[in-house]
Amino acid sequence: MEFVDKKYKMVSSENFDEFMKTIGVGLITRKAANAVTPTVELKKDGDNFVLVTSSTFKTTEMKFKPGEEFDEERADGAKVKTVCSFDGNTLKQVQKSSDGIEVTYLREFGPEEMKAVMTAKDVTCTRVYKVQ
């Protein structure tokens, strides 16, 4: 897992606003989230992993053990049930909200970039991050 402890800064984002609308994020939060370029870092802490997403708007930490469901609070404050797993250099995250919406995040870590593909219902958002 050579991608652990690397920092990736977002360089492009496609369809993020539509994705946020689909999962129920309000207008003001969407405007703020669209205005920032976050940094993502995956850290290892014993048997757990911590995914830190930071920006001038907000910093979130998601601590997880692969394969175990946990309660997560999304950046917009929504409470969801989440399971994360690894397949090689890809981190798969599946969130289920109380209203039944399921969101899948596929983060593919490479030596120079990380590509995040987020899907909710029939909406897909792609964000690309470069190593800092």
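**Backbone, cores and selected residues**

Asp5 is found in the segment before strand E1. The model examined here is predicted. In this model, Asp5 has a positive phi of about 75 degrees, although Asp5 is not a glycine. Most residues other than glycine have a negative phi. Asp5 is exposed, because its relative accessible area of 52% is over the 50% cut-off. Asp5 is also among the residues touched by Leu42.

Asn15 likewise combines a non-glycine side chain with a positive phi, again of about 75 degrees. The residue lies in the loop between E1 and helix H1, which covers residues 16-22. At 37% relative accessibility, Asn15 counts as partly exposed. Asn15 is one of the residues in contact with Val123.

The overall fold was then considered. The chain holds two helices and 10 strands. Their order along the sequence is β-α-α-β-β-β-β-β-β-β-β-β. The radius of gyration is 14 Å, close to the 14 Å that the globule rule gives for 132 residues, so the chain is as compact as a globular protein of that length. The C-alpha trace spans about 35 × 30 × 25 Å along its principal axes. Of the contacts with a separation of 6 or more, 37% join residues 24 or more positions apart.

Surface and charge were computed for the chain. Its accessible surface comes to about 7300 Å². Carbon and sulfur atoms account for 47% of that area. Of the 132 residues, 40% count as buried. The side chains include 21 positive and 22 negative ones. The centres of these two sets lie 4 Å apart.

The interior was examined next. The largest nonpolar core has 17 residues. Leu42, Phe64, Phe109, Met114 and Tyr129 touch the most other members. At least two residues of this core come from each of strands E1 (7-14), E2 (39-45), E3 (48-54), E4 (59-64) and E9 (113-120). Leu42 shows how wide a stretch of sequence one core residue can reach. Leaving aside residues up to four places away in sequence, Leu42 touches Phe3, Val4, Asp5 and Lys6. The same set of contacts takes in Phe49, Val50, Leu51, Phe64, Phe86 and Phe109. Two of the core residues named above, Phe64 and Phe109, thus appear among the contacts of Leu42.

Another core, of 13 residues, lies apart from the largest one. Its members include Met20, Val25, Tyr105 and Val123. Val123 lies in strand E10, which covers residues 123-131. Val123 is buried, because its relative accessible area of 9% is under the 20% cut-off. Beyond residues up to four places away in sequence, Val123 touches Asn15, Glu18, Phe19, Thr22 and Met118. Val123 and Glu2 are 121 residues apart along the chain. Their C-alpha atoms are separated by 31 Å.

Glu73 was examined last. This residue has its place in strand E5, residues 70-73. At 48% relative accessibility, Glu73 counts as partly exposed. Outside the residues up to four places away in sequence, Glu73 touches Ala78 and Lys79. Thr60 is 13 residues from Glu73 along the chain, and the C-alpha atoms of the two are separated by 8.9 Å.

Definitions and conventions. Residues are numbered from 1 along each chain as its sequence is written. This is a predicted model: local features need pLDDT of at least 70, side-chain atom pairs count only at pLDDT 80 or more; totals for chains, interfaces and linings use all residues. Side-chain values use heavy atoms; hydrogens and water are left out. Helices (H or I, at least four residues) and strands (E, at least two) are DSSP runs, numbered from the N terminus. The radius of gyration is taken over C-alpha atoms; the globule rule is 2.2 Å times the number of residues to the power 0.38. Buried means under 20% relative accessible area, exposed over 50%, partly exposed in between (1.4 Å probe, protein chains only). Contact means heavy atoms within 4.5 Å. Accessible areas come from the Shrake-Rupley method with a 1.4 Å probe; for residues, only the protein chains shown count as cover. Lys and Arg count as positive and Asp and Glu as negative; His and the chain ends are not counted. The place of a charge is taken as NZ of Lys, CZ of Arg, CG of Asp or CD of Glu. A nonpolar core is a set of buried Ala, Val, Leu, Ile, Met, Phe, Trp, Tyr and Cys residues joined through side-chain atoms within 4.5 Å.
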